[in-house]
Amino acid sequence: MKHILLTFLFLICAFVTQGQNKSPFENVIITSQKKKTQVFTNEKGELQVNVAPKDVGRFKAAKLVRYSDLGARGDGKADDIDVIAATHAFANLHGLLVKADNGATYYIGGKERTAVIQTDTDFGTAAFIIDDTEVQNRNVAVFTVSSALKPFKPEMIPSLKRNQKKIDVPLPSPCLITVTNANVKQYIRFGLNQNNGSSQTDIFVVDKNGNVDMNAPIIWDFDQITDITALPIDETPLKITGGRFTTIANKAESKYTYYNRNLAIRRSNVLVEGLEHYIKGEEDHGAPYGGFINIGECAYVTVKNTILTGHRTYSTIGAAGKPVSMGSYDLSVNRALNVSFVNCSQTNDINDNTYWGILGSNFCKNLLYDHCILSRFDAHQGVANATIRNSTLGHMGINAIGSGVLLVENSTIRGRSVVNLRPDYGSTWQGELIIRNCVFVPAGGKSISASLISGSYSGQHDFGYTCYMPEKITIENLRIDDSQHPENYQGPAIFANFNPQMTDNSYQEKFPYVKTKEVIIKNITAVSGKALRISDNPFMFRDVKVNTGQ
């Protein structure tokens, strides 16, 4: 595959240098003529880069090209986005490393222009100012990491089963498969941000023979498939390193018009390391952000040694016609598998609730926090398998619904519970929850009654799926710092009161909640000295078997 791709690139390069041609990867025209290297907008309004033949040879010999080589000013004043985009287009064509100039400051205004990254990129010690005060198109990324491999539509599969091990579709190489059944709605949201749900969807990796990677299994039964897409997975890792990015925040009205002026990762097998993102200019209002690092439609992505910034919390009127706080993210992960955040932190206080939780995710599998200090982990429309280890979580804690194994270990949790099963999606986790070797500081030390697992479920709303509590919960070596408890505190509870109306058998659920079968506890200590109990609602959890581990 690598040999074929290199041959393909060579043929394209040979063709393009003979005249004027549009880059096969993005909307940039690349020429090579006997005149100076320059980037300009032609008479048709298209971005064009001419690289003199002697410079082509020089860049190829060095195996890299710098932004300044194509004319970037890097003075923090002149808008360099056209040159940045042109540099990446040229590098993509010739398979070259892109390097920012150390010490440069690149200003990026609100022009509708995306730099497409398909080769290793070293932002180094350069600074980038992304000015969102006047943006032509808030949906257009500043940088998109993409693959030269194109998605395609394989022959339709009639149906799928949960945990199916193989699909009968011939493929040229390992692929990321996305399937949809538009005739079934799931994640029918409840509450102030209520909606009519999303089409049933799943995303998984298969090899060229159609064998499913069972570490990220198919999680739904599909009686019918209305759409299927296959995206070949790049075998060669792509690295993006360094860079100090500062977003000058938008001043738009506070409503759900998300800004996606970001680094969008749409390629598999990517490492982002050493990046820093800061935010300036937030006022008492503004439109929310969809994540400066926005990962989607890909697999095997690691964000490492990276510094991020939480966005200020704004409010608007939700779908139910009442005020709601808007989610605004610096990290966003959607339809992605095997995504890891390692040694990541944020510039603002993780316990300051004037800033929204830093991560939002949907339709993911195998998410990891390792050695992170961040305000929140969150899985909205489901995650299959998630691990938080060696980390500290701030005021918004761990919020999730999904399936598989949710593992929290060697971590400090400062949210209102150790794990909050999101009520707006049915407080559902179909699988196992493990909490091991952790410290829980309820609400960051505020005076509240501590519950380890929180959520809410009335049994009267159809979420589009059966809702489960974790079938098995294991809690080992947990220290609960509940020293600041209220006067009437009865001690920490395993479960919050998920349904205050369910106090006897007269309460009927239209959509029954599948309760936890077993809780295993071992070495749980509370600073208050009070014993761990089941819940403020013992009736609801009367059939849960609680075992003290030996």
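**Exercise 1: The largest pocket**

Find which strands each supply at least two residues of the lining of the largest pocket in this predicted model, and work out what kind of lining they help to form.

*Solution.*
Step 1. Look along the chain for the strands that contribute. Strand 22 (323-326), strand 23 (329-342), strand 25 (359-370), strand 26 (373-389), strand 27 (392-409) and strand 31 (451-454) each give at least two residues to the lining.

Step 2. Look for the top contributor. With five residues, strand 27 gives the most to this lining.

Step 3. Turn to the centre of the pocket. The lining has 49 residues, and R189, W356, R376, H380 and R422 are those that lie nearest the centre.

Step 4. Sort the lining by character. It divides into 27 polar, 14 nonpolar and eight charged residues.

Step 5. Add the volume, which is about 1300 Å³.

**Exercise 2: Enclosed spaces**

State how many cavities of 30 Å³ or more the structure holds, then describe the largest and the second largest.

*Solution.*
Step 1. Recall how such spaces are found. Rolling a probe the size of a water molecule over the atoms shows where empty space is left.

Step 2. Give the count: there are three cavities of 30 Å³ or more.

Step 3. Take the largest cavity. Its space comes to about 110 Å³, and 14 residues line it, with D202, I219, F363, C364 and K365 nearest its centre.

Step 4. Ask where that lining comes from. Strand 13, strand 25 and strand 26 each supply at least two residues, and strand 26 has the largest share with four.

Step 5. Sort this lining: eight residues are nonpolar, three polar and three charged.

Step 6. Move to the second largest cavity, which has about 40 Å³ of space. Among the residues lining the second largest cavity are A249, N250, E282, Y289, H311 and R312. The lining here divides into four nonpolar, four polar and two charged residues.

**Exercise 3: A strand and its partner**

Work out how strand 13 (residues 198-206) is covered and how strand 12 (residues 175-186) is joined to strand 13.

*Solution.*
Step 1. Check the covering. Seven of the nine residues of strand 13 are buried, and the strand is mostly covered.

Step 2. Find the pairing. Strand 12 and strand 13 run antiparallel and are joined by nine bridges.

Step 3. Pick out one pair: N181 has Q200, in strand 13, as its bridge partner.

**Exercise 4: Helix 3 and what follows**

Compare the span of helix 3 (residues 81-94) with the span expected at 1.5 Å a residue, then look just past the helix end.

*Solution.*
Step 1. From first C-alpha to last, the 14 residues of helix 3 reach 20 Å, close to the expected 20 Å.

Step 2. Check its covering: 14 of its 14 residues are buried.

Step 3. Step past the end. G95, just after helix 3, takes a positive phi of about 65 degrees.

**Exercise 5: Three residues, buried or exposed?**

Decide whether A72, T246 and V408 are buried or exposed, and list what they touch beyond four places in sequence.

*Solution.*
Step 1. Start with A72, in the loop between strand 5 (64-66) and strand 6 (75-79). A72 is buried because its relative accessibility is 12%, under the 20% cut-off. Its contacts are Y67, D80, V83 and Y106.

Step 2. Go on to T246, which lies in strand 15 (residues 238-248). Its relative accessible area is 13%, so T246 is buried. T246 is in contact with F128, I129, I130, Y278 and K280.

Step 3. Finish with V408 in strand 27. At 0% relative accessibility, V408 is buried too. Its contacts include I388, I398, I413 and V419. The C-alpha atoms of V408 and T387 are 6.0 Å apart, although 21 residues separate them in sequence.

**Exercise 6: Positive phi without glycine**

Place E297 and N343 in the structure and decide how exposed each one is.

*Solution.*
Step 1. E297 is not a glycine, yet its phi is positive, at about 55 degrees. E297 sits in strand 19 (residues 290-304) and is partly exposed, with a relative accessible area of 35%.

Step 2. N343, also not a glycine, has a positive phi of about 55 degrees. N343 belongs to the loop between strand 23 and strand 24 (345-346). Its relative accessibility is 41%, so N343 counts as partly exposed.

Note on methods: Residues are numbered from 1 along each chain as its sequence is written. This is a predicted model: local features need pLDDT of at least 70, side-chain atom pairs count only at pLDDT 80 or more; totals for chains, interfaces and linings use all residues. Side-chain values use heavy atoms; hydrogens and water are left out. Buried means under 20% relative accessible area, exposed over 50%, partly exposed in between (1.4 Å probe, protein chains only). Two strands pair if DSSP finds at least two bridges between them. On a 1 Å grid over the protein atoms alone, a cavity is a set of points where a 1.4 Å probe fits but cannot get out, and a pocket is an open set with protein on both sides within 12 Å along at least five of seven lines; lining residues have an atom within 4 Å of a point. Grid points are joined across faces, edges and corners, and a volume is the space filled by probe spheres set on the points. Ala, Val, Leu, Ile, Met, Phe, Trp, Tyr, Cys and Pro count as nonpolar, Asp, Glu, Lys and Arg as charged, and the others, Gly among them, as polar. The expected span of a helix is 1.5 Å times one less than its number of residues. Contact means heavy atoms within 4.5 Å.
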